Every structure is written in C-alpha cells, then in structure tokens.
Amino acid sequence: MEEIPLHTEQTTDTLPCETPPGTNDGKAAFDDQNGNLEGNNSQGRKEFVAPAVGMEFETYDDAYNYYNCYAREAGFSVRVKNSWFKRNSREKYGAVLCCSSQGFKRVKDVNRLRKETRTGCPAMMRMRLVDSKRWRILEVTLEHNHLLGVKGYKSIRSMGSGTKRKLSSNSELEIQPVKLYRALVIDTGGDGTSNFNIRQAKSSSDQPNQLNLRKGDAQAMYNYLCRMQLTNPNFFYLMDLNDEGRLRNVFWVDARARAANSYFGDVIFFDNTCLSNRYEIPLVAFVGVNHHGQPVLLGCGLLASETMESYIWLFKAWVTCTSGHPPQTIITDRCKVLQSAVADVFPKSHHRFGLSHIMRKVPEKLGGLRNYDAIRKALLKGVYEALKPFDFEAAWGFMIQRFGVADNEWLRLLYEDRALWAPVYLKDTFFMGMAAAQPGETLNAFFDKYLHKQTPLKEFLDKYELALQKKHKEEVIADMESRNSSPELKTRCSFELQLSKVYTRAIFKRFQLEVEEMYSCFSTTQIHIDGPITIFLVKERVLHDGNRREIRDFEVLYNRAAAEVRCICSCFNFYGYLCRHALCVLNFNGVEEIPSKYILSRWKKDYKRLYLPDHGADNADTERVQWFNQLYRSALQVVEEGVISLDHYKVALRAFEESLVRVHSLEKKHV
C-alpha cells in the first residue's frame, strides 16, 4: 500500500473541542480530585491527561478532538500537518497533528501586514489506524519552543463543507462536557482486538456514582495503566464512566495474570474485602491458586460502589480477557448483590460463599449474645464435623433450641443460605484447596501485607508491583525446588512414591500427610454391595479437643471396574487429592497405584510447560490468536527463569536465538 501524504495548511477555524456526530459519552480529561473527565467546568481547573504513545481512539475525530481539547487547556492551537490516505479507497489511515506554530512560512506566503506566529515549534502527535480498527498514537512531542497563550485557543481544522463555524465564548455548546475518547479498552494481546464493546461497558444504572479519589490519584492511575500498556505485553485494562462522564470503575490485568488465568482460572476467589470494609482504596481482586498451592493474581479492579451493575461490568471485563471461559467455581463473600451478578455473568459456574469469611463475622454478629462461647463452640462443631446434611441440621437445631437464638436474624438468614457455604452441602463442588473446609483454614487477601485501611492509591500502585514481584519470585523458587530435588519419603506406601515423582513439592507434602495418617485408620470393613459399587466403613482415631482422640466412621464408595473411589469427607473435591480413608480402601483392595483420574495435572511439576488449552478454534484467525497466546505463555516461562542468574540469562538468550534461526529456516523452505 503506497502512502499519499496530503498537506493541509489552508484550513478554517472551528469550535474548540468540537464534538463529531455519533461520538460516545466517554471523556479523556481527568480531574485530579475525583476522576472527573470533563473538558470545561467553571468550578475548578481541569487538567487534561497529556497524550502518550499507545493511547487509542475509536475514530479519527475522537483522536483529533482529544488533542484539540488538550491544546485548548494547555494554551496553544492545533492544525493538521499531514494526512495519509489509501490510494484506492481514499480511506484515511494516518495523520500528524501539530502546534499551529510548527514550521515556518515560505517567503512567498508571508503577509507583511500580519505578525509572523510560526516558530518551528516541535510539539506534535503522530497517529495511525491499526489492525484493531482504532487510531493509536505512535509518537508524541510535548515540548514547545514558545510561550503558551491563554487557554481557549481556537484550533484550525479543515471543514468538509468549507464553511466556518464561529461561536461566542459563552455559547451553550462550548460549556458542555467534551465528548470524546471512546476507546477505553486497551488490549495489546493476541490480534489486538477485544470483543467487549465500550457501549456495553457503560452500566444502565441511573445512580450518579463515581470513584472517590484523592488529588492526583486519577493521574497516577492513568499514568500507571499507560506505562503498563507500553512495557507489559498482553496487558489489558478497561475503564467505566458514569452518565456524567466521571470515572466509576477500573479493571486491569497484566500479561502474567492473563497467562495464569489459562492455567489456574478453574477455581477463583473474588475478594471484595477492601470495598465492603470501606478501605481508602475500593480494591477488588480475582485470585486463583497455582500448582504449588500459592495464591496467584488473576485480575484487579477499583469499584465505586457495591452495586449489581458495577459487579456485572467487572465480571464481564474479566471474562473478556480470559477469552470468554468462565471459572468452574467462584467463591465470594456472602452478599445477595454479588450472588445476582455472578448468576447473571457466570450462569454455568458453581457459586459458593467463602466459609472463612462467614466464620470471621461470628464474633461481630454473635459476640453480644449470652453464652457466646458455648454458642460458638456448637456452631463450629456442626459446621466442621457434620458428614451428612442430617447431622448438620440436627446440630443446628440443637444450638438454636439450647441457647434460645431462634430470633437471631443473622443466624436465620445464614441457615437459609446453608447450601452455598456449609461444607456438608458442597461435596460435589471442586475447590482446589480454596474451600477452607477445616477449622483454622482461611482465604487471605492477596495484598494482605501490602494494604491497610488508609493506604492511598498512589502508594498502593508502588506496593502493587512489589507484591507481584515477591509472589512471582516465590513461584519461581518453588518451581526450581520441585524440579531439582526429590522429597524425603516417610513410609513404604507405593502411593507416596508414585506421587513424589509427579507432584510439586508443596502439594506432595499435603498428600504425604494423608499417607502418613493412613496409620490412624485402624479398621476397613465392607458393609454393603450395590451392583458394581461396594461401600466400606473406615474407622479413624481423630484428634479432638486438644490431645484427646475420638473414633469416627467414614463411608467410602468403591467401584473396581470403573477405578472410582469416593469418601464421604470429599477431600478430593475440596483439596484435589485423595484422603487417607480412600487410600485405605484402595490398599485394602490390593490397588498399588492411584488411578490416573485422581492425579490432577494442575498439581504436576511440569504442568505449565505441558499445558495446552482446548478452546475449540473454529476459524484460522481464532486459531492464530490461540497460537500466539500459547507461544507467549511458553516464552514467558523462559523469561521468568532466565533472570534468576547470569548463567540462566545466557542459556535463555541462546535458546531464543536458536529458536528464531530455526523458525527462519522453516520460512525459507516454504519460499
């Protein structure tokens, strides 16, 4: 395609910050105090965000108006220096906007009666239509070589009709908010496109809510997002504006988190602790668990309020960057608004309330009751020790009657929701270690040690990157330890030896405890046969109330033909590995190896290297995007471990160079 530059010196005046027809209500100027994105407001000075490389706009008019309004606020006027059009279609695909003082007039064009205003000013913005069909800024110069004038300069722009539109400074149009900058979706991954429409992103709520930001927070947030977009491949962020054009919600996810979504997005914990507890930062986070059982960040956001519209907007934004694949299980705080939003966006996912969050509220909700200690003890016993729904309901009924708390509203509503949080009802749900189904287990906030109630946003953004670096380093170290060392075996059980070879060190240690505790199970008895299924009763001495042990019975279903085993404690669904009771039944039946269906790939040492997502590509473009994502994830692993030391760096760099040579040699064969 041949470029055809068209110089556009001879232009006419137009109204500053002109609104082209059909422009959306998104705005590009941030108010440092409250995130206001307006172009003109008599109540205070509004600072437009300076143009930066990587910013994108839906249309050329949006980009022009943005730079025009930025210039108006800064005190200079704009003209179009160059435009480029496709030769055949005459579609515009490139342009350079510059300060009106750029360059110098030719001698023959000089009007000796008018003062020369051009100074060769270097200020400019170069942009181009990219594959995503959006206009992207490719080059920016912000410095001027002359004094800037009074704000409100009229910019020079070519009018299709050739007519001039001059309005007075008090014109009704001029005091309206600037309507521009619709392309708030920035996605540099895959083919550079996104299937999340910004019009869909604007919620239908009539509530005039907005983020309550301190002075400078909006600019700090925007600077961070722009910097990450330029330095972090595959970075994604999305902003949501309310009907007044004020910043309401923000979502972002970096390249490593997007890769982690592919590996570990099967079970997620949605943490809204900061939002619900009224922290300075209304932070929300999507958290998963990696192959070492460590928490891994899958996305972050800032929400103005706990409304269904905000949650739906956020969940749809998260689904957008995960290629539309919902989680198998999503764990949230107990909240009716959240429950409705999850049902709307993730109808096929298992939604469960976090048990540890509920247990943390017990002192607050019941602490003022008479006999609180006894009530709490009875509650914990029913929640954690019941193996069947009948046991739980009997224990709950005893507590209510014994302590006379039938009129307690919190307990009443909690009981109504029991199928969403009580472990005895969740045995068919996969949690991958995030069930918190035992006393003392908790789902801690990902940024727990980096964030307190008064932490300001600018401080958090610095700590955010430190937290991610620390978590990443922990994962890399765990990867190396799992690959380069063999765990110590503590028994002669074949199950222990089998999984010591495939599981990561951390997960194997958890499973190893189950193998060791097989010795606390002193009796395995066949009690019933129902066709191919045999029911066994395993007796175990369980530690209870300090050092005292009591005997408990666990029923285990076993199907030899189908190689299936299932215990009533549901350890496999809760934690992702077989329990001591199931292992006893397998051992009792002479089975020497754990069936493959109970050895989860996500716990294996080489899981991330061998993982291949199955997205069911139905066309070549989709398939290429998936190729890109898989190659990127694989390369990212080499990069992450290549920075451990100088030797690691040299090996990784050599591997990349050799791979590139081999790819190029393949191209030559097809020429």
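**Helix packing, cores and two unusual phi values**

Author: In α3, the residues D217, A220, M221, Y224 and R227 meet L457, K458, L461, Y464 and E465 of α13; contact here means heavy atoms within 4.5 Å. By class, this contact has 6 nonpolar, no polar and 4 charged residues. This is a predicted model, where local features need pLDDT of at least 70, side-chain atom pairs count only at pLDDT 80 or more, and totals for chains, interfaces and linings use all residues. Residues are numbered from 1 along each chain as its sequence is written, and side-chain values use heavy atoms, with hydrogens and water left out.

Reader: What makes α3 and α13 helices in the first place?

Author: They are DSSP runs of H or I with at least four residues, numbered from the N terminus, while strands are E runs of at least two. Helix α3 covers residues 217–231 and helix α13 covers residues 457–484.

Reader: Why are α3 and α13 called roughly parallel?

Author: Their axes lie 9 Å apart and make an angle of about 25 degrees. Axes are lines fitted to C-alpha atoms, for helices over the stretch in contact, and angles run from 0 to 180 degrees between N-to-C directions. Angles under 35 degrees count as roughly parallel, over 145 as roughly antiparallel, 65 to 115 as roughly perpendicular and the rest as oblique. The pair is therefore roughly parallel.

Reader: How do you know that R278 is exposed?

Author: Buried means under 20% relative accessible area, exposed over 50%, and partly exposed in between (1.4 Å probe, protein chains only). R278 has 59% relative accessibility, so it counts as exposed. R278 sits in the loop between α5 (273–276) and β15 (283–289), and its phi is near 60 degrees, a positive value in a residue other than glycine.

Reader: And M432, is that residue buried or exposed?

Author: With a relative accessible area of 6%, M432 is buried. Its phi, near 55 degrees, is also positive in a residue other than glycine, and its place is the loop between α12 (409–416) and α13.

Reader: What makes a set of residues a nonpolar core?

Author: Its members are buried Ala, Val, Leu, Ile, Met, Phe, Trp, Tyr and Cys residues joined through side-chain atoms within 4.5 Å. The largest such core has 112 residues, of which W252, L283 and F447 touch the most other members. Helix α3 gives the most to this core, with 8 residues. Another core, of 35 residues, lies apart from it and includes F264 and V345.

Definitions and conventions:
Nonpolar A, V, L, I, M, F, W, Y, C, P; charged D, E, K, R; others polar.
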